[in-house]
Amino acid sequence: MAKELQKLQIIPLGGLGEIGKNMTVIRYGDDILVVDAGLMFPDEDMPGVDLVIPDITYLIENKDSVKAIVLTHGHEDHIGALPYILKSLDVPVYGTRLTLGILEGRLKENNVDCSNLRPVSHGSIINAGCFSVGFIRVNHSIADACGLSIRTPLGMIVHTGDFKFDYTPVDGKMTDFRAFSDLGNKGVLVMMADSTNAERAGHTPSERTVGAAFDRVFRTAHGRIIIATFSSNVHRIQQVIEHAIKFNRHIAILGRSMINVVTISLKLGYINAPEGLLIDIDDINNYPAEKVVIITTGSQGEPMSALTRMAMSEHRKVGIVPGDTIIISATPIPGNEKLVSRTIDNLLKLGAEVVYGRDQGIHVSGHGSREELKLMHNLVRPKFFIPVHGEYRHLVKHAEIAREVGMDKDNIFIAENGNILEFTRDKGTISGKVTAGRILIDGLGIGDVGNIVLRDRRQLSQDGIIIVVMTMDKGNSRIVAGPDIVSRGFVYVRESEDLMNESKMRITCAINKCLENKVTEWSAIKSNVREALGRFLYEQTRRRPVILPIIMEV
C-alpha cells in the first residue's frame, strides 16, 4: 500500500503586514527549510530599541528538523537577524557570494561562527532534507539577488524574493525569464511573491536611468559632490564610479557600512574601480573641490549617520561648505520622512545645493510595480498564491493583481505572521497558528525588553519620573528624614516649589494614615505613597509621571 502523502506547510514568521523582518518556514513531515532571516528597524513607539527580529520560538522547538536556511539576497531585512538566530540554530546557510560576503562581516562583528556559510551561484541546486532548492537570477537594488524554486514531495514552490524586471541592468545580467517560464510550464503548486510596490502602477524604471540623472548633476556641479545612498546598492555605487571617471574626479568612501560593502564588493568583483580612483577620506583636502566625490551613508536621515553629522556640523572629517552638491539617492523609508527633511534643511542652511526627490530621477525602486507583478504571475502561473513582503494593504493589492490575471480568489491566501498554511495537491487552507512576533534587540540584550518595559519607557518619555526618598525608623515606622523629591522630566523643581511642598505634605499624610491603620510593611507604605501622590499630581498637572518611592531604614 502506497504511503499517504503528508500536507505541505508554509509558515511565515515575519514579513507579512510589515516592511522588513522577512522569514518564512516551509515544512514537510519532519523536514524544515527556512527562507531568509531579516530584521526591521524600531518604530517611534519603541524608545531605546536598536533592532527588531522575528520570534523563532517555533524553530527552536523544532531545531532538529531544520535542514537549512536559504537566502534570497543581502539586504538587512533578509539577513540581519542571522547573527542572533545562528547562536541558537546550527544549520547550513546558502546564499550567493555577495550575500554571504555581507553576512560574514555581520557574523564576525557579533562573534558568530561562519563555518556554516555555503556559497551558491545562480542556477545552482542544493538539497536540504526532502527539499531541492534552485537559485534563479532576479534584478533588485542589490547585486546577486535570487528567486527560489523549491521542489517538495507535493509539488513546486516558487519564491520570487525581492525583484523587478530591469531590461537594461547596470551589470548586463537580466532576470532569468526562461527559468520562471519553464517552472510555470511544468506546473507550480504555490508562489510567494514580493508585494512592496503592489500599489504602484506601471513599471519600475531601470537602475540605469539613475545614471542619466547623475550625468546631469556631475556636469553642472562646480564643487564637491556628496552622494548619500544605501550601502548595499552596489550598482548605484558602480554608476557613481563610472561618472567619477568620466568627469575626472576621485572618490572617497564614508560610513562604516558603506566602507564594508564597497570593500567586499571590490574583493569579489561586483564593483570595478581603476587604480588610484579611490582615495582615503583623510586625503580629500589634498585635491581641488571640483575633483572630489564622497559616497556616504545617511540617505534615511539616521541620527548617527555620516551625512546627518555633516548636516549638523558635527563630523570630524568632513564639513559642508557653500558650493557642495549633495545628492540624496534614495527615497525615505516610511517613518523616516521627518529625519530626511530635517537633514535636507540643515544642509541647505549650510549653503549646499541638495538634489532630492522622485522628480530628480536620482533614485529608482528595486521592487517591481503592478505590470511587472502581472508578468511574474503570467510566467509562473501557480495554482495557489501567497502575497508576501509588504504591509497589509500591499498584500491586498497584490491579491487583486492575482485576480486580475485570472486566479481563483479561493486560491489566494492573505496570511499573517504565524499562520500555518497547509496545502495538498488540490487544496489549500489556513489551519492554525504558531508562536510568531517580534524580539527586540537593545544593546547586548536579546528579548529582555518586552511590552511592559516599552510601556514604562513610553511613560517616562511622556511624563517623566518622580523619585521620593525618605528615611524611616524600622522599629516604629516613623519618618526620620525626608521625604525628599527628585524630579526628572516632570517639572523643574526650583520653579515648582509650591507643588513640591504640597507633594511632600501629601506623602507625609499618606504615611501617617498607614500608621494609624497599623500598616507597617514597606511595600504597602510605598504603594499608598505612590497612589496618593499620583492622584494629587494628576489633579494639579494632568500628567502621570512614574513615581518611585525609596525607603531607607535606620
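1. Strand S12 (residues 188-194) and strand S19 pair in the parallel sense, and six bridges join them. Within this pairing, Val 188 stands opposite Pro 382 of S19. The model discussed in this note is predicted, and every statement below should be read accordingly.

2. Both strands belong to an open sheet of six strands, whose order is S8-S9-S10-S11-S12-S19 and whose pairing is mixed. The edges are formed by strand S8 (125-128) and strand S19 (382-388), each of which pairs on one side only. On average, and with direction ignored, neighbouring strands of the sheet are turned by 20° against each other.

3. Two helices that pack on this sheet may be described together. Helix H11 (residues 370-380) touches S11, S12 and S19, and its direction makes about 165° with that of S12. Helix H12 (residues 392-404) touches S12 and S19, and its direction makes about 155° with that of S19.

4. Strand S10 deserves a separate remark. Of the seven residues in S10 (residues 146-152), six are buried, so this strand is largely enclosed by the rest of the structure. On one pairing, strand S9 (residues 131-137) and S10 are antiparallel over six bridges, and Val 133 has Ile 150 of S10 as its bridge partner. Strand S11 (residues 155-159) is likewise joined to S10 in the antiparallel sense, by five bridges. Here Thr 152 has Gly 155 of S11 as its bridge partner, and a hairpin of two residues connects S10 to S11.

5. The aromatic side chains form seven pairs in total. In one of them, the rings of Phe 165 and Phe 177 have their centres 4.9 Å apart and their planes at 20°; because planes under 30 degrees apart count as stacked, this pair is stacked. Phe 165 lies in the loop between S11 and helix H5 (177-186), whereas Phe 177 lies in helix H5 itself, so the pair ties together parts that are 12 residues apart in sequence.

6. How do the two partners stand with respect to solvent accessibility, and which of the terms buried and partly exposed applies to Phe 165? Phe 165 is buried, at a relative accessible area of 2%. Phe 177 counts as partly exposed, since its relative accessibility is 23%.

7. Phe 177 also takes part in a stacked pair with Tyr 167, with 6.1 Å from centre to centre and 15° between the planes. This pair again links distant parts of the chain: Tyr 167 is in the loop between S11 and H5, Phe 177 is in helix H5, and the two are 10 residues apart. Tyr 167 is partly exposed, with a relative accessible area of 46%. Through ring pairs, Phe 163, Phe 165, Tyr 167 and Phe 177 are linked into a cluster.

8. Helix H14 (residues 497-516) and helix H15 (residues 522-541) pack with their axes 9 Å apart, at an angle of about 145°. H14 passes H15 in a right-handed crossing. On the H14 side the contact involves Leu 499, Glu 502, Ser 503, Arg 506, Ile 507, Ala 510, Ile 511 and Cys 514, while residues met in H15 include Ile 525, Val 529, Leu 533 and Phe 536. The residues of this contact divide into 11 nonpolar, four polar and two charged.

9. A second helix pair is formed by helix H6 (residues 208-220) and helix H7 (residues 234-246), whose axes come within 10 Å and cross at roughly 35°. The crossing of H6 and H7 is right-handed. The contact is made by residues including Arg 208, Phe 214, Asp 215 and Phe 218 of H6, and Arg 236, Val 240, His 243 and Lys 246 of H7. What is the make-up of the contact of H6 with H7 in nonpolar, polar and charged residues? It divides into five nonpolar, three polar and five charged residues.

10. A last point concerns Met 312, which is found in the loop between helix H9 (306-311) and strand S17 (325-328). Met 312 counts as partly exposed, at 42% relative accessibility. Its C-alpha atom is separated by 19 Å from that of Arg 256, and the two residues are 56 residues apart along the chain.

Technical notes:
Residues numbered from 1 in each chain as written. Predicted model: local features only at pLDDT ≥ 70, side-chain atom pairs only at ≥ 80, totals over all residues. Heavy atoms only, no water. Axes fitted to C-alpha atoms, helices over the stretch in contact; angles between N-to-C directions. Helix = DSSP H or I, 4+ residues; strand = E, 2+ residues; numbered from the N terminus. Left-handed = near helix turned anticlockwise from the far one by under 90°. Contact = heavy atoms within 4.5 Å. Nonpolar A, V, L, I, M, F, W, Y, C, P; charged D, E, K, R; others polar. Buried < 20%, exposed > 50% of the residue type's maximum accessible area, 1.4 Å probe, protein only. Pairing = 2+ DSSP bridges. Phe/Tyr/Trp six-rings, centres within 6.5 Å; stacked < 30°, edge-to-face > 60°.
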